[in-house]
Amino acid sequence: MNRILVIGSGGSGKSTLSQKLSNILNLPVIHLDAYFWNPNWVPKPNDEWDQIIDKFTNQDQWIMDGNYSRTMNTRIERADVIIFLDMPRLLCCYRIIKRRFMYHNKSRPDMNEGCNEKLDWEFVNWVWNYKKRSGMNVLKKLKHIQRDKQVIILNTRKQVDEFISRIENNRSL
């Protein structure tokens, strides 16, 4: 598999899993957050964002992580494998709070420069309500495509660890 899409709530572990898979499978990783956000958390205009998505998804090999529901269908269509990290919301909230302290006054490695880590009520609320607001829609999309694409849904840290171990041993999905 040459095109792997990793999706899930903020704090679910998308970037971490993507980087681990990249190291094991020797595929380039694309953290969408690093391209969507201009400095000071200014989003790219839709037309520019669509061009970026087209450029990346038309490449032969990639591991891409990020949500961005408006372009989700394009990324799903062009992916060989879709991994959905459907993690517990308490874990996701814990991770975004931890991340805030780890990267205080600086940008994360998977984020564009000039986007210092922040935590506000709007984002906490988005993460807390992800499952019922966005997660259900993602699961419906994945159910419709699972005949044509390899869909992997991971619900716990243990499942993620076992998945990574399996990939390390087999060097494939």
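Here is a short conversation about aromatic pairs and pockets in a predicted model.

Biologist: Why are the rings of Phe123 and Trp126 called stacked?

Modeller: Their centres are 6.1 Å apart, and rings pair if their centres lie within 6.5 Å. The planes stand at 10°, and planes under 30 degrees apart count as stacked, so the pair is stacked. The structure holds eight aromatic pairs.

Biologist: Where do Phe123 and Trp126 lie?

Modeller: Both are in helix α6 (residues 121–128), three residues apart, which is about one turn of the helix.

Biologist: What makes Phe123 partly exposed?

Modeller: Its relative accessible area is 26%. Buried means under 20% and exposed over 50%, with partly exposed in between, so Phe123 is partly exposed. Trp126, at 28%, is partly exposed because its value also falls between those cut-offs.

Biologist: Which residues line the second largest pocket?

Modeller: Trp126 is one of them, and the lining also includes Tyr68, Met72 and Arg133. Helix α7 (residues 130–145) gives the most, with six residues. About 170 Å³ of space lies in this second largest pocket.

Biologist: What makes Met72 and Tyr130 nonpolar but Arg133 charged in that lining?

Modeller: Met and Tyr count as nonpolar and Arg as charged. The lining of the second largest pocket divides into five nonpolar, four polar and two charged residues.

Biologist: And which residues are closest to the centre of the largest pocket?

Modeller: Of the 43 residues that line the largest pocket, those are Gly10, Gly11, Arg99, Arg108 and Asp110. That pocket has a volume of about 1400 Å³, and its lining divides into 17 nonpolar, 11 polar and 15 charged residues.

Conventions
Residues are numbered from 1 along each chain as its sequence is written. This is a predicted model: local features need pLDDT of at least 70, side-chain atom pairs count only at pLDDT 80 or more; totals for chains, interfaces and linings use all residues. Side-chain values use heavy atoms; hydrogens and water are left out. Rings of Phe, Tyr and Trp (its six-membered ring) pair if their centres lie within 6.5 Å; planes under 30 degrees apart count as stacked, over 60 as edge-to-face and the rest as tilted. Helices (H or I, at least four residues) and strands (E, at least two) are DSSP runs, numbered from the N terminus. Buried means under 20% relative accessible area, exposed over 50%, partly exposed in between (1.4 Å probe, protein chains only). On a 1 Å grid over the protein atoms alone, a cavity is a set of points where a 1.4 Å probe fits but cannot get out, and a pocket is an open set with protein on both sides within 12 Å along at least five of seven lines; lining residues have an atom within 4 Å of a point. Grid points are joined across faces, edges and corners, and a volume is the space filled by probe spheres set on the points.
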